[in-house]
Amino acid sequence: IGPPGTGKTSIGQSIARAMDRKFFRISLGGIRDEAEIRGHRRTYVGALPGRIIQGIHTVKVSNPVFMLDEIDKIGYDFRGDPSAALLEALDPQQNNSFSDHYLEVPFDLSNVLFITTANVLDTIPPALRDRLEIIEFPGYTDHEKLHIGKKFLIPKLLREHGVEKIVNFTDEAVKEIVSKYTREAGVRDLERQFAKVVRKNVRSLVEGNKKGGKIKIDVSGLRKYLGPERFLFQLAEKKDEIGVATGLAWTSVGGEVLSIEVARMPGKGKFELTGSLGNVMRESAKTALSFSRAYASKASYGVEKESIVKDFYNYDIHIHVPSGAIPKDGPSAGITICTALISLFTGLKVRKDVAMTGEVTLRGKVLEIGGIKEKVLAAHR
């Protein structure tokens with residue numbers, strides 16, 4: 001299970017090759033009819049066996065590697081629920097007598113190795129998920145993409161375009177394409193960008209603009225082939241400030257660094273939240289506000305003198321998470337919002353070189369987090 005383009009289907013083919021077994025792939029995306037899995041009874045016109053029995057008939061062996069692609073995209077309607085029909089096929093206790101309506105005799109599937117792929121777990125029914133062993137495929141890091149590009153994608157593209165000995169990419173150019181022209185967990189878009197550069201060079205060769213010799217693609221030539229940089233990273237803040245804290249976020253294409261900003265202005269104690277936040281994040285901001293008010297009023301940071309907390313109802317508080325157009329949700333922004341608010345109440349600056357992540361409770365406890373790899377990589381960048 002993992003984001004698109006991370007090589008889940010490819011690893012299924014590699015497993016079949018390594019075990020020296022036949023490989024058969026069934027795409028389950030959009031299947032809504034139970035008979036696709038189980039087969040039709042032979043009383044119907046145009047009856048067929050189900051996909052699993054058809055696959056075994058096609059490969060002509062009883063122990064192939066079966067790839068069930070996109071198991072999270074099965075639909076269901078009045079014709080039955082195909083995911084319920086898969087329960088028997090994928091359960092090692094039951095599948096030695098799998099019953100297909102067309103065959104009408106039990107068929108032994110216990111020698112078949114089933115591999116399924118999915119992008120998200122949430123849409124797989126619990127009963128089916130219980131029969132699966134789950135292997136997480138995280139997105140690739142920039143360093144991994146550099147090596148995948150050099151050792152696999154670029155040689156493959158140069159072979160396809162017939163310029164194997166002529167075009168070569170420098171490491172810096174590959175790094176630049178990975179970090180500034182693509183933003184994804186897998187490597188599909190990366191392959192498209194490499195292909196674009198190679199095609200433009202092939203065209204120049206054919207038109208005779210480039211005379212003999214080798215073509216070296218380095219960072220300086222990328223703008224010409226791919227245009228201006230498409231993605232920029234959020235940089236660390238320039239100086240320590242009051243009411244700005246740095247947080248780490250997990251995204252499906254790797255991690256991201258966010259600056260959470262808090263401001264207060266004379267008003268009536270209103271609390272404003274912006275930055276297209278989801279429900280979970282809104283609640284964590286409210287919890288963070290309650291905790292910081294309680295904490296700042298107890299702490300002896302000279303707050304009483306400034307009476308910010310006592311005069312809380314004379315001020316409005318606004319919390320903003322840039323960028324406003326990108327939807328954000330998740331439980332791990334609590335501690336960052338909390339730190340920004342306490343900094344605002346106490347007038348103390350937050351260190352710009354510390355990034356934080358984690359949900360905060362009303363008692364100020366910080367809970368455990370997920371997505372460590374992505375968050376650490378974001379901070380490292």
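A cavity is a set of grid points where a 1.4 Å probe fits but cannot get out, and a residue lines the cavity if an atom of that residue lies within 4 Å of a point. Keep that in mind for this predicted model. Rolling a probe the size of a water molecule over the atoms shows where empty space is left.

Start with the enclosed spaces. There are two cavities of 30 Å³ or more. The largest cavity has a volume of about 40 Å³. Which residues line the largest cavity? From the 200s come E237, K239, D240, E241, V244 and T246. V350, R351 and K352 complete the lining. Now sort these residues by class. Six are charged, two are nonpolar and one is polar.

Next, turn to an open space. The second largest pocket has a volume of about 680 Å³. Its lining is made by 28 residues. Look for F114, I115, T116, E133 and I135, which lie nearest the centre of the pocket. Three elements each give two or more residues to this lining: α1 (8–19), α4 (82–90) and β5 (113–116). Which element gives the largest share? That is β5, with four residues. By class, the pocket lining holds 20 nonpolar, four polar and four charged residues.

Now to the helices. Two packed helices are described by the angle between their axes and the distance between the axes. Begin with α6, which spans residues 142–161, and α7, which spans residues 171–181. Their axes come within 9 Å and cross at roughly 120°. An angle over 115 but not over 145 degrees counts as oblique, so α6 is oblique to α7. The crossing of this pair is right-handed. On the α6 side, the contact uses D142, K145, L146, K150 and I154. On the α7 side, it uses D171, V174, K175, V178 and S179. Five of these contact residues are charged, four are nonpolar and one is polar.

Helix α6 also meets α8, residues 188–207. The axes of α6 and α8 come within 10 Å and cross at roughly 40°. These two helices are therefore oblique to each other as well. Here too, the crossing is right-handed. From α6, the contact takes K145, G149, L153, I154, K156, L157, L158 and H161. From α8, it takes L190, E191, F194, A195, V198, R199 and V202. How do the contact residues of α6 with α8 divide by class? Nine are nonpolar, four are charged and two are polar.

One more pair remains. Find α10 at residues 279–298 and α12 at residues 334–346. They pack at an angle of about 40°, with their axes 8 Å apart. The crossing of α10 and α12 is right-handed. Which residues of α10 and α12 meet? In α10 they are S284, A285, A288, L289, F291, S292, R293, Y295 and A296. Their partners in α12 are G334, I337, C338, L341, I342 and F345. By class, this contact has 11 nonpolar residues, three polar and one charged.

Key. Residues numbered from 1 in each chain as written. Predicted model: local features only at pLDDT ≥ 70, side-chain atom pairs only at ≥ 80, totals over all residues. Heavy atoms only, no water. 1 Å grid on protein atoms, 1.4 Å probe; cavity = no way out; pocket = protein on both sides within 12 Å on 5 of 7 lines; lining within 4 Å. Points joined across faces, edges and corners; volume = space filled by probe spheres on them. Nonpolar A, V, L, I, M, F, W, Y, C, P; charged D, E, K, R; others polar. Axes fitted to C-alpha atoms, helices over the stretch in contact; angles between N-to-C directions. Parallel < 35°, antiparallel > 145°, perpendicular 65-115°, else oblique. Left-handed = near helix turned anticlockwise from the far one by under 90°. Contact = heavy atoms within 4.5 Å.
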